[in-house]
Amino acid sequence: MMISRRNFLAVAGAAAAAAALTACGGSSASSTSTASSAAASSAASAGSEAAGKITKVALTCDTGTIDDESFNQACWTAVSGYMGDDCQYYIPEADASDEDRETMIRQAVNDGADVIVCVGYLYGASLAWAADQYPDVKFIAIDVTQGDIGTDAIPANCYCITFKEEQAGYLAGYAIAKDGKTKLGFLGGMAVPAVIRYGYGFVQGADAAAAELGQNIEINYFYGGQFYGDANITSRMEGWYSNGTQVVFACGGIYTSAVEAALKNNGYVIGVDVDQNYIGANGVADGTYAYNPFITSAMKGLSAAVETALTDIEGGEWSEIAATNGNFGLEDGDYIGLPTDADSWNFESFTTDEYEEVKGKIKSGEITVDNSSDDATKPTVSEFTTVNYIQ
């Protein structure tokens, strides 16, 4: 059963994510367009059989791979699961420019897409161009705000979806500190707003737990400047773990370096965006990992929010969400949280009852998590917490 904004369902699971990768085709940014933009836009809209009926959905990514086991894959799960064969994804070459992203959008329209899901804040400037160039195409922009687009208002044919990552980060930080871990790490891919909110929320949550327990904690905090792991990042993480870091919250595809280093040092990681426990479980099953390094994951409802938007379009509710920014947090439903399935709950002492209690306090407003995404303004912490911000 499909979902609407009024009837939210749980985020798609890891098994669905893996299966979805084979549902539709993909393309790289090297494709070129030959048809005129006007003709392509007209063809896309003409294919609709009825008001709101979607002909084809394209997913365009700003970086990474479609099988990143995180952000891109979660969005693709929703698109491919909803559309079946009537979808296509587009992956940019490394160091893609605004012009490259515009090319992907142009190619998607030429290929018949009448709905395009643009993944990542880097699409801001490209969306300003695309929304004007293709007025009959509906754009769903993930982790993109009006400020990213740079227009006076969100374009009439664009719906922005953002999340309160600071709440997910807070829950992860609170849980891991309450679980008794005192030497923590945060490894962000790049210092972009969503990653900063994850990290600052993590610091706030860990600090709150430390203050409750009267326990001193230390957090190493670093942005790798990329959304993929490599030998240099792995080496830095090995240094952290060998010097006592017990668990690292790794945001983005860069998590691979944290996992590699953790496994060499009996350390642990916290996943991001989706429940990444299955990565560790699969690693153990195939003999790649000696143990599962994932304690938990700070999740946001990417798949659910994208599927909801597609359902709204086909349900004739596009006018209600177009030109708006849906900013999803616990106040709106279970769009934010940690996985509570027994297989993914790998804490030693922190309980699901304790989790539901702190989660409820955020939902009710009793706990307010600072949502700053200004890299220059660090979270305020108590005397129990030391944060080492590493340049």
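**Exercise 1. Cysteines**

Task: Determine whether Cys-61 is buried or exposed, and how many disulfides a search of the whole structure finds.

Solution. Cys-61 has a relative accessible area of 0% and is therefore buried. The model is a predicted one. The next step is the search for disulfides, in which two cysteine sulfur atoms must lie within 2.5 Å. For Cys-61, the closest cysteine sulfur belongs to Cys-75 and is 7.6 Å away, too far for a bond. For Cys-160, the nearest cysteine sulfur is that of Cys-158, at 4.2 Å, and Cys-160 is in no disulfide. Cys-160 also counts as buried, because its relative accessibility is 0%. Over the whole structure the search finds zero disulfides.

**Exercise 2. A helix pair**

Task: Describe how helix α7 and helix α14 pack, and state which residues meet.

Solution. Begin with the extents: α7 covers residues 165-178 and α14 covers residues 352-364. Their axes are 11 Å apart, and the packing angle is about 145 degrees. The crossing of α7 past α14 is right-handed. Next, list the contacts by side. From α7 come Gln-167, Tyr-170, Leu-171, Tyr-174 and Lys-178. These meet Glu-354, Tyr-355, Val-358, Lys-359 and Ile-362 of α14. Sorted by class, the residues of this contact are six nonpolar, one polar and three charged.

**Exercise 3. Positive phi outside glycine**

Task: For Asn-266 and Ala-323, give the phi angle, the loop and the accessibility.

Solution. As background, most residues other than glycine have a negative phi. Asn-266 is not a glycine, yet its phi is positive, at about 55 degrees. Its place is the loop between α10 (255-264) and β10 (268-273). With 64% relative accessibility, Asn-266 is exposed, since the cut-off for that class is over 50%.

Ala-323 likewise is not a glycine and has a positive phi, of about 65 degrees. This residue lies in the loop that runs between α13 (318-321) and β12 (325-328). Its relative accessible area is 35%, so Ala-323 is partly exposed.

**Exercise 4. The whole chain**

Task: State how many helices and strands the protein has, what percentage of its residues count as buried, and what area it exposes.

Solution. Count the elements: there are 14 helices and 14 strands. Then take burial: 54% of the 391 residues count as buried. The exposed area is about 15200 Å², of which carbon and sulfur atoms supply 45%. Finally, consider contacts with a separation of 6 or more: 74% of them involve residues 24 or more positions apart.

Conventions
Residues are numbered from 1 along each chain as its sequence is written. This is a predicted model: local features need pLDDT of at least 70, side-chain atom pairs count only at pLDDT 80 or more; totals for chains, interfaces and linings use all residues. Side-chain values use heavy atoms; hydrogens and water are left out. Buried means under 20% relative accessible area, exposed over 50%, partly exposed in between (1.4 Å probe, protein chains only). Axes are lines fitted to C-alpha atoms, for helices over the stretch in contact, and angles run from 0 to 180 degrees between N-to-C directions. Helices (H or I, at least four residues) and strands (E, at least two) are DSSP runs, numbered from the N terminus. A crossing is left-handed if the near helix is turned anticlockwise from the far one by less than a right angle, and right-handed if clockwise. Contact means heavy atoms within 4.5 Å. Ala, Val, Leu, Ile, Met, Phe, Trp, Tyr, Cys and Pro count as nonpolar, Asp, Glu, Lys and Arg as charged, and the others, Gly among them, as polar. Accessible areas come from the Shrake-Rupley method with a 1.4 Å probe; for residues, only the protein chains shown count as cover.
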